[in-house]
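Here's a quick tour of the complex you have in front of you. Have a look at it first, then read on.

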Amino acid sequence: MGIVTILIDYLLWHYSKAVMSLFVVYRNFCLFLSNFFSLPLLFRTWLSPWRRLDEGYPKNFTDIESVLSTLVLNLLMRVVGFIMRTVVISAGLLSIIILTALLPLALIIWLLLPLIIIFLFCLGVGLLFV
Amino acid sequence: MNTITDLIHKSRLYPVLVLDRLISPGKRQKIIYLSRVIIVVLGLILAFYLSKNYLPAFLVDYLSLVLALKNKILGLLLINLSIFIVAILLEVYFSSFYYLELIAKNLYRSEDIFTMTVGRILYGAKTDDLLVGFLQSDIGGQIMRRLGIGRPTIDLFLATSPSPVSAMLLAQTDGPVIKLKDLAKYLFDQSPAFREFLLSHSAKEIDFLGATKWIVLGIELSIWKSRWWELDNLSRVPSLARDWSYGGTYHLDMYSRDLLKDREVDSLADTPTNRQAEMDQLETILSRSREANALLVGEAGPDKMNTIYHLAHQIKQGQAVTALTDKRPVLLEVSLLSASCKEKNIFEQTILAIFSEATKAGNILLVIDDLANLVAIADKYGANLISLIDPYLASNTLQVIALCDTDNFHRFIESRASLMMLFEKIALADLSSEAITEMLLQAVWLVENNFNLFFTYQAVTEIASGASYYFPDSIGSDKAIDLLTEIAPWATSASLQIVDVSAVRSFIQNKTNIPIGEVTAKEKDKLLNLESILSSRVIGQREAVSAVASAVRRSRAGVRNPSKPIGSFLFLGPTGVGKTETAKALAATFFNNENELYRLDMSEYHGTDAVDKLIGSFSTGNTGVLSTMVRDHPYGVILLDEFEKTTPAVLNIFLPIFDEGFFSDMNGKRVSVKNIIFIATSNAGADLIWELVEKNPDQAISRSVLIDAIVERGIYKPELLNRFDATVIFRPLGEAELAKIAELQLKKLAKRLMEKGLTLEITSELVSSVAKNGADQIFGARPMLRYIQDQVEQQVADKMIAGEIVAGSKFSFIASTLSPTGLEIKVKNL
């Protein structure tokens, strides 16, 4: 079997299956980032109280002062929770956006990689013998 | 024709294999390593060059050479960079084909024909002989090495020119492509010479296929680990902010451990579990919308907790089922709770606080480490535990796993229907030797790395079977791992590099005292001459000695039934004829230690509580004498003295003991007696023996007549007698035998006196006097020791005190009418 056949077989892999795998790897990293920043959970509980720190309302709603103080406290916990989660959600979404922006770049590099290798090698040889 | 070449050419993997052969994995690794080193070195030099404006002047002077060669250095760097990228690309290229073997087991394309592993072997074959191709391949060599067969031995085998094996009939067995296990099975089936070669090196078909599976598993794991970009590998990184959405557990934290932060759980990173079935069951129960509570019941030991650790590890890695995602497994330590709560109301308040917090937190998977203990504490304080925890256990925000030992489950939990309704029980099944082997195979790699050892496949299976066979009271998997970790330092200290079956057996032999290793020349001599060795101690009982010696040889050769005790014998005969002495001689010969004889006087077990005394009582909680004896001394000889004097109920206990090699103690827990020799001695039918001997002194006693008489008298049932390996009849001793015994005992006395510097000359007069006066018809030779003590030793002692015998004296006994004993000491000289 000639080297040309092997090269063709490799290039077939490089431009077909490997490109598909690149998308799979992109999906893996998206899922990883989503899991690392706990995005589904934080979205689900975005407005929930911080660490479930809430108080039960008094049974007797005539005690307005107590009802109001509980309301304020619970609201405060929800605001704290919202702010903290928003920070992490933003960081997570930003990471995914950056990853998505890098995908075309990675794709271009991958598609050009055989040429880049040849270029680097030739340049290296050129510099060596200058 | 389906030759190897045909197979290769038909495959889609052909170009991949050609390239793989051209640049082998070893070469690729070397290229990656070297080019990386060169890139780093050249990169550093260039970094120096680029920062020349910021460096001190004297350093720049040294860089003059770099300045001159900067283009060449950059050129070299770029060449190496391109080589490095090519090597990495090739790794990814080959890895993707191996990856197909891993994840796409059912997604092979029809043109693939065989897996990459098989392809490598086929492509590497220089001829159309599959056997030679396999044995000369790297993977084939690895498999054979795991079977304890090295390259020189393989070369010697190949030099015998075994019949070639063609690839004509090679086909896949399951799945669309030919895998390594298909090739291995094909070679074993097709080549009788190869089969014999393997068998001659103690490798059976199951070992060959097992070793093949082991090697494939190693390749798969290594490929899997190297693909760090796969989702499973990425998921191992812990997540941020998980606990922000769940409540805190102040009270629970005081009495518990968070398993997600536990070191034990982290240490399981690369440890396989053999409890996957139980873990799947747990996940199913915990995935329910309500009453998702499981009760894990198993033998005392770490198996239950290890299962929980593995589950916690899965949750931590994000590999658990959806219902357990985000859950925080928390281990409630009942002993801590017990130590802190001294009153009923405190206990109740604490329980309520813990369960209320855990429910409110919303992500707690509560693990109660000892439910029976919790129930016992509640009972002690008179608290109603079930009504306290019932509302929480029924909620959909709390999942509970309770652990309980089998014994305690039967004693405290099983009978409480209301408690049982809250949980679904999962019983940890006994592990088969195969399941233990599978787990050990993965654990071995770590041990090999740590101790620089190499385990053969047969050694691993021997550890698995040895663990369950020789250490039956321990939990199988745990004992097997213990055995593995104990063997490793032992092998290192014994300067072993390869741990094979004989090394494992030697280790077990050292540990248990049971001879199981290879029969050494010295031992072989001993075994073949066992009758004469035993006869030197047991006088005049040729039949008994022969029966016992045969049983010992059977056991040592490994042909005994492994699910029965090593041996069970019934010694029938009058008192003082050598029954107990035979048992002692057996302990000394088989276990090399006379002290490994444990005696049970069965006449003590004749009341209504006899069975309870022997195996323990559930109602009183007392443990039994036999249960304790076997647990404390699992290897040895147990002498059941005066066996006929116990009750029929006790005799019935021995039916499964002799037949199946185990009995159940008071808690229903199995006690194994597979490493015990039972000897029951009995005077039953002694009168008949006397009668038969008196009638025909020179004839052998008819076994059938004696046994029929014993059965007829109702002493033993036929089913009990049939369960003994041998019923041995001891003949009454004649004058000649008594004289021999007397001589034997006197020699022992002479030896003791010699240690004090005294020489006792044993004369025929002395021997015949002791034999005549020391033995009697009813008690046989039993009173002889007493006679020697009273008549011989006493006279010696008297003379020593009187100063007539001193160190260096030589004396003998002569017949004397003056002495009341008929013997008189005669001191010969000084």
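## Where the chains meet

Where chain A meets chain B, 37 residues of chain A are in contact with 37 residues of chain B (contact means C-beta atoms, placed from the backbone, within 7 Å). Helix 4 of chain A chips in the most to its side, with 13 residues. By type, that side of chain A splits into 22 nonpolar, ten polar and five charged residues (Ala, Val, Leu, Ile, Met, Phe, Trp, Tyr, Cys and Pro are nonpolar; Asp, Glu, Lys and Arg are charged; the others, Gly among them, are polar).

This is a predicted model: local features need pLDDT of at least 70, side-chain atom pairs need 80 or more, and totals for chains, interfaces and linings use all residues. Residues are numbered from 1 along each chain as its sequence is written, with chains lettered from A and ligands numbered from 1 in the order written.

Now for chain B. Helices (H or I, at least four residues) and strands (E, at least two) are DSSP runs numbered from the N terminus.

| Chain B feature | Value |
|---|---|
| Helices | 40 |
| Strands | 18 |
| C-alpha span along principal axes | about 125 × 80 × 70 Å |
| Buried residues | 38% of 830 |

Buried means 20 or more other C-beta atoms, placed from the backbone, within 10 Å of a residue's own.

The largest nonpolar core (buried Ala, Val, Leu, Ile, Met, Phe, Trp, Tyr and Cys joined through C-beta atoms within 7 Å) has 76 residues. Helix 30 of chain B (542-557) gives the most to this core, seven residues. L640(B), among those with the most contacts inside the core, touches residues including L600(B) and F678(B).

Note on methods:
A residue is buried if 20 or more other C-beta atoms lie within 10 Å of its own, exposed if 12 or fewer, and partly exposed in between; C-beta atoms are placed from the backbone. Two residues are in contact if their C-beta atoms, placed from the backbone, lie within 7 Å. Lists of a residue's contacts leave out its neighbours within four places in sequence.
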